[in-house]
Amino acid sequence: MTVAYDGSHFAGFQYQTPKVRTVQGELERAAARVLLPAGRVVGASRTDGGAHATGQVAHLDVTGSADSIQPASLMMYMNGVLPDDVKVQQLQVAPEGFDSHFSSVGKEYCYKLSCGVPDPLQMRQRWWIHDRWCERSRGKPQQPSDLLLDVAAMQQAAQQLLGLHDFSSFMDTKKPAGLGSLKRKKPKLAAAGIKPVRTKEKNMRLLWQADVLQEAGSGDVQILLAGNGFLYRMVRLIAAGLVEVGHGRVSPQQFRKQLEAGSRPALQVEAAPPHGLYLRKVLYKLPPGVDISQAAAAAVSSTDEDGTEGSDTSVPEAAAE
């Protein structure tokens, strides 16, 4: 299933408890009504609470033969019982061995922000720089020009993220996750109680797109990132770091040094809020011209922006949302 959702009223994608509203929980409730019996819904990416998606991918196992499934009708039935803020956009019978999570080879994210005057009707769809300005005790902006971003400088800084890098500076620290995904990937290690350990080598990621674009005639800015995997809160930290560049508090050269430091304290900024984050697309085929062999050689384990493992099969590591 390709799924779109407004994450404003969800505590993230991953199921937590029956009392906590999650995207996975809603999908499983709908599947139970339409496809009795059905297995757990497995998402390609475990997005944060408040984050959105236009191209999340999920799969679930059902009983019966593939010939008995009519994807178009099933999609309509699912959407008929799903709530208004999550809908299935596409549905099809998956090929043998497909796993929405482990079969992926990359993801595309968009982070939306605005340096204009906040619009009350759009408060949960993007990050309004006005709010963070006040929260960080820099004094309230006196003029609309105080909020303007140097998008050219941000683009210059973003281009330095392209290629294979240790993105440890852009990963919030968090203890390793439990053995949930490890049980599916390496059951023998899970049975032995062997938990993942973070290293700089495992924080290597390959980005093939890093762009900062401003909509003509408006204060709306989009940060577009695509790569083979994203660390915990990596996109949100990149967005926050680029805003520092946009406001002139950090130069593109200093931004590069923060990346090269390979240490979270080097980036002296908190992560941008989750409601500006959009999972645009999960990739199961690499774009033309992209070579991830160097990333594979570095034993990359693709941990998503939301904290789940990604596509690489060489390392049984689960770093943690």
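Colleague: In which sense do strand E1 and strand E3 pair, and over how many bridges?

Modeller: Keep in mind that this is a predicted model. Strand E1 (residues 2–5) pairs with E3 in the antiparallel sense, over three bridges. To find one place in this pairing, look for Val3, which stands opposite Gln56 in E3.

Colleague: Which other strands pair with E3?

Modeller: Strand E2 (residues 42–43) is one partner, antiparallel to E3 over two bridges. There, Gly43 has Ala58 of E3 as its bridge partner. Strand E10 (residues 277–283) also pairs with E3, but in the parallel sense, again over two bridges. For that pairing, find Ala53, whose bridge partner in E10 is Leu279.

Colleague: Why is E3 described as largely enclosed by the rest of the structure?

Modeller: A residue counts as buried when its relative accessible area is under 20%. Strand E3 (residues 52–59) has eight residues, and seven of them are buried, so the strand is largely enclosed by the rest of the structure.

Colleague: Let's turn to helices. How do H4 and H8 lie relative to each other, roughly parallel or oblique?

Modeller: Start with the crossing angle: anything under 35 degrees counts as roughly parallel. The axes of H4 (residues 151–159) and H8 (residues 252–261) cross at roughly 30° and come within 9 Å. The two helices are therefore roughly parallel to each other. H4 passes H8 in a right-handed crossing. On the H4 side the contact is made by Ala153, Gln156 and Ala157, and on the H8 side by Pro252, Gln253 and Phe255. Sorted by class, this contact has four nonpolar residues, two polar and no charged ones.

Colleague: Is Lys257 of H8 buried or exposed?

Modeller: For exposed, the relative accessible area has to be over 50%. Lys257, found in helix H8, has a value of 61%, so this residue is exposed. You can also compare sequence with space here: Lys257 and Ser169 are 88 residues apart in sequence, while their C-alpha atoms are 10.0 Å apart.

Colleague: And at what angle do the axes of H1 and H2 cross?

Modeller: Helix H1 (residues 23–34) and helix H2 (residues 71–81) have axes that cross at roughly 120° and come within 9 Å. An angle of 65 to 115 degrees would count as roughly perpendicular, and one over 145 as roughly antiparallel. H1 and H2 are therefore oblique to each other. Their crossing is right-handed. In H1, Leu27, Ala30, Ala31, Arg33 and Val34 meet Leu74, Tyr77, Met78 and Val81 of H2. By class, that contact has eight nonpolar residues, one charged and no polar.

How values were computed. Residues numbered from 1 in each chain as written. Predicted model: local features only at pLDDT ≥ 70, side-chain atom pairs only at ≥ 80, totals over all residues. Heavy atoms only, no water. Axes fitted to C-alpha atoms, helices over the stretch in contact; angles between N-to-C directions. Helix = DSSP H or I, 4+ residues; strand = E, 2+ residues; numbered from the N terminus. Left-handed = near helix turned anticlockwise from the far one by under 90°. Contact = heavy atoms within 4.5 Å. Nonpolar A, V, L, I, M, F, W, Y, C, P; charged D, E, K, R; others polar. Buried < 20%, exposed > 50% of the residue type's maximum accessible area, 1.4 Å probe, protein only. Pairing = 2+ DSSP bridges.
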